[in-house]
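Colleague: Hi! Could you walk me through this one? I have a few quick things to ask.

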Amino acid sequence: MQSAAYLNFTGSAEDQGISPELIAPIGDLMARRVADGHGHEGLSGLVELLGAGRPGAAWTR
């Protein structure tokens with residue numbers, strides 16, 4: 001995943017005077033996904049977290 005570069009991404013935004021608040025939640029989601037053993041996946045793996053726990057949001061492949 002791109003979690004290793006995430007801090008550089010948000011830091012660069014702040015350095016350029018751009019608020020990172022829109023992308024900030026992505027960092028938490030990436031950390032959760034890596035902790036769950038899915039660090040080999042790309043950002044598309046976050047979709048499963050976004051639907052988790054919501055009725056009718058079961059993820060199928």
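Colleague: To start, which helix does Thr10 lie in?

Modeller: Thr10 lies in helix H1. Before we go on, keep in mind that this is a predicted model.

Colleague: Noted! Is Thr10 buried or exposed?

Modeller: Thr10 counts as buried, because its relative accessibility is 11% and buried means under 20%.

Colleague: Which backbone oxygen lies 3.2 Å from a polar atom of the Thr10 side chain?

Modeller: That would be the backbone oxygen of Leu7.

Colleague: And leaving aside neighbours within four places in sequence, what is Thr10 in contact with?

Modeller: With that restriction, Thr10 is in contact with Pro20 and Ile23.

Colleague: Let's do Ala13 too. Where is it placed, and is Ala13 buried or exposed?

Modeller: Ala13 is also placed in helix H1, which covers residues 3–15. Ala13 is buried, with a relative accessible area of 12%.

Colleague: How far apart are Ala13 and Ile23?

Modeller: In sequence, Ala13 and Ile23 are 10 residues apart; in space, the C-alpha to C-alpha distance is 9.8 Å.

Colleague: Now the helix as a whole. How many residues has H1, and what does it reach from end to end?

Modeller: H1 has 13 residues, and from its first C-alpha to its last it reaches 19 Å. That is close to the 18 Å expected at 1.5 Å a residue.

Colleague: Which residues of H1 are buried?

Modeller: Tyr6, Thr10 and Ala13 are buried in H1. They sit on the same side of H1, because the arc they cover around the axis is only 60°.

Colleague: Why would residues with that kind of spacing point the same way?

Modeller: An α-helix has 3.6 residues a turn, so residues three or four places apart point the same way.

Colleague: Nice. What is exposed on the other side of H1?

Modeller: There you find Ala4, Leu7, Asn8 and Asp15 exposed. So Leu7 gives its backbone oxygen to the pair with Thr10, while Leu7 itself is exposed.

Colleague: What covers the buried residues of H1?

Modeller: The cover includes H2. Tyr6 makes a good example: leaving aside neighbours within four places in sequence, Tyr6 is in contact with Ile23, Ala24, Ile26, Gly27 and Met30.

Colleague: And what follows H1?

Modeller: Gly17 follows H1, and its phi is positive, near 80°.

Colleague: On to H2, then. How does its span agree with what it should be?

Modeller: The 12 residues of H2 should span 16 Å at 1.5 Å a residue, and the end C-alpha atoms are 18 Å apart, which agrees.

Colleague: Which residues of H2 are buried?

Modeller: Gly27, Leu29, Met30 and Arg33. They fall within an arc of 170° seen down the axis of H2, so they line one face of the helix. The face turned away from that buried side carries the exposed residues Asp28 and Ala35.

Colleague: What covers the buried residues of H2?

Modeller: The cover there includes H1 and H3. H2 is followed by Gly37, with a positive phi near 90°.

Colleague: Which residues form the largest nonpolar core?

Modeller: It has 5 residues: Tyr6, Leu29, Met30, Leu46 and Leu49. Two elements give two or more residues to this core, helix H2 (24–35) and helix H3 (46–51).

Colleague: Last topic, the whole chain. How many helices and strands are there?

Modeller: The chain has 3 helices and 0 strands, running α-α-α from the N terminus on. Of its 61 residues, 23% are buried.

Colleague: What about the accessible surface?

Modeller: The accessible surface of the chain is about 4,500 Å², and 58% of that belongs to carbon and sulfur atoms.

Colleague: And what share of the contacts with a separation of 6 or more comes from residues 24 or more positions apart?

Modeller: Those residues account for 35% of such contacts.

How values were computed
Residues are numbered from 1 along each chain as its sequence is written. This is a predicted model: local features need pLDDT of at least 70, side-chain atom pairs count only at pLDDT 80 or more; totals for chains, interfaces and linings use all residues. Side-chain values use heavy atoms; hydrogens and water are left out. A nonpolar core is a set of buried Ala, Val, Leu, Ile, Met, Phe, Trp, Tyr and Cys residues joined through side-chain atoms within 4.5 Å. Buried means under 20% relative accessible area, exposed over 50%, partly exposed in between (1.4 Å probe, protein chains only). Helices (H or I, at least four residues) and strands (E, at least two) are DSSP runs, numbered from the N terminus. Contact means heavy atoms within 4.5 Å. The expected span of a helix is 1.5 Å times one less than its number of residues. The arc is that of the directions from the helix axis to the C-beta atoms. Accessible areas come from the Shrake-Rupley method with a 1.4 Å probe; for residues, only the protein chains shown count as cover. A polar contact is a pair of N or O atoms within 3.5 Å; within protein, one must be able to donate a hydrogen and the other to accept it, and residues adjacent in sequence count only if both atoms are side-chain atoms.
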